[in-house]
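Please look through this model with me before we discuss it. I have kept my comments short and numbered them.

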Amino acid sequence: MKEVTVYAPATVANVVCGFDILGFALSEPSDKMVVRISDKKGVTIINKDDFDLPTEASQNVAGVALLAMLDALNGEVKGFEIESTKTIKPGSGIGSSAASAAAAVVGANELLNKRFSNDELVGFAMCGEAVASGAKHADNIAPCIYGGVILVRSNDPIDIIPIPAPPLYVTVLHPQIEIKTSEARQILKKKVTLKDAITQWANVAGLIAGLMKSDYALIGRSLTDVIVEPMRSTLIPQYDEVKKASLAAGALGGGISGSGPSVFMLSSDEATAHRVEAAIKQVYDKVGIDFHLYITTINPYGVKAIV
Ligand code: HSE
């Protein structure tokens, strides 16, 4: 096999209460990447979009992820070449860097006859993610690779738990501003009170139970974040109004996608997701910044490879 084309989906990390430990994959949008084994040492990066991402492997999330894989291959493979066509805008909060890193390692693994396990791929891709956000976290990478809703119980050692979920419709608002994950992490408080910690882990447990029991009401009331949202929501214009309007239109709940600026709202049916979309549009039409607004679903497959 000479080359493989992979499609890596966008992802929603944190899922409101599960900072750094919960995420799910979206059916749309996704990035395309062609991966080849190369005789040239290291990772050669060709960008086929207008995002102007670094082509130096050590500065590029996909490059760093593949360098980690090359390290594990111990000289058996000289290098990889990737051709990246991104649709997921960097800095949008729907896992753009994770999609690049995941696409690269899944593609390379296909060319190596699936030498590495999915957990090992998550480990390589996390090295790439660390370049983008300044911290190793797998709550975008793991759902991108596995698909569906994922609990990252631990990063080290990697312990990834797929969580069954009922049908959910996701309304995504993407205000056209950029928030750098590294900066959105710096504004977080380093300490939390015991009271807030109790509230937060009760909601994480409630959300997991709600998903597994297909209990939409429990999912809705568990989508509460007392630790991260209060600080990060200040970075997103009219955030509180968007949330209020969405809940009034029937959304189960929702919040900031990853580190923002995208905001996601979950609904139990498509008609409600459309009402939520209309309600958000009404709020955002008055804000005066460009935005994308769309409805999608949870993608159960993760990165798709087409040989
Ligand atoms: N859990 C990470 C954060 C996701 O919120 O910083 C970044 O996309």
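1. Start at P157. This residue is in the loop between β5 (149-155) and β6 (158-163). The peptide bond leading into P157 from D156 is cis. Its omega is near 5 degrees. Keep in mind that this is a predicted model.

2. Now find the other cis bond on my list. The bond from E28 to P29 is cis, with omega near -10 degrees. P29 is not placed in a loop here: P29 belongs to strand β2, which covers residues 22-38.

3. Check V15 as well. Its phi is positive, at about 50 degrees, although V15 is not a glycine. Where does V15 lie? Look in the loop between β1 (3-13) and β2.

4. Turn to the ligand. Which pocket holds the ligand? The ligand sits in the largest pocket. Among the residues around the ligand are A13, N14, F19, D20, H137 and D139. The list also includes N140, T181, R185, R232, G258 and S259.

5. Sort that shell by class. Two residues are nonpolar, six are polar and four are charged. Try the sorting yourself on the structure.

6. Where does the shell come from? Two domains contribute to the shell around the ligand. Domain 1 spans 3-163 + 300-306, and domain 2 spans 169-297. Each of these domains supplies at least three residues.

7. Look at the polar side chains next. In the side chain of D20, an N or O atom is 2.5 Å from a nitrogen atom of the ligand. R185 places a polar side-chain atom 2.7 Å from an oxygen atom of the ligand. For R232, a polar side-chain atom also lies 2.7 Å from a ligand oxygen atom. How much of the ligand's accessible area does the protein cover? On its own, the ligand has 260 Å² of accessible area, and the protein covers 96% of that.

Technical notes: Residues are numbered from 1 along each chain as its sequence is written. This is a predicted model: local features need pLDDT of at least 70, side-chain atom pairs count only at pLDDT 80 or more; totals for chains, interfaces and linings use all residues. Side-chain values use heavy atoms; hydrogens and water are left out. A residue is near a molecule or strand if one of its heavy atoms lies within 4 Å of it. A polar contact is a pair of N or O atoms within 3.5 Å; within protein, one must be able to donate a hydrogen and the other to accept it, and residues adjacent in sequence count only if both atoms are side-chain atoms. Accessible areas come from the Shrake-Rupley method with a 1.4 Å probe; for residues, only the protein chains shown count as cover. On a 1 Å grid over the protein atoms alone, a cavity is a set of points where a 1.4 Å probe fits but cannot get out, and a pocket is an open set with protein on both sides within 12 Å along at least five of seven lines; lining residues have an atom within 4 Å of a point. A molecule sits in a cavity or pocket if more than half of its atoms lie within 2 Å of its grid points. Ala, Val, Leu, Ile, Met, Phe, Trp, Tyr, Cys and Pro count as nonpolar, Asp, Glu, Lys and Arg as charged, and the others, Gly among them, as polar. Domain bounds come from an automatic or database domain assignment. Helices (H or I, at least four residues) and strands (E, at least two) are DSSP runs, numbered from the N terminus.
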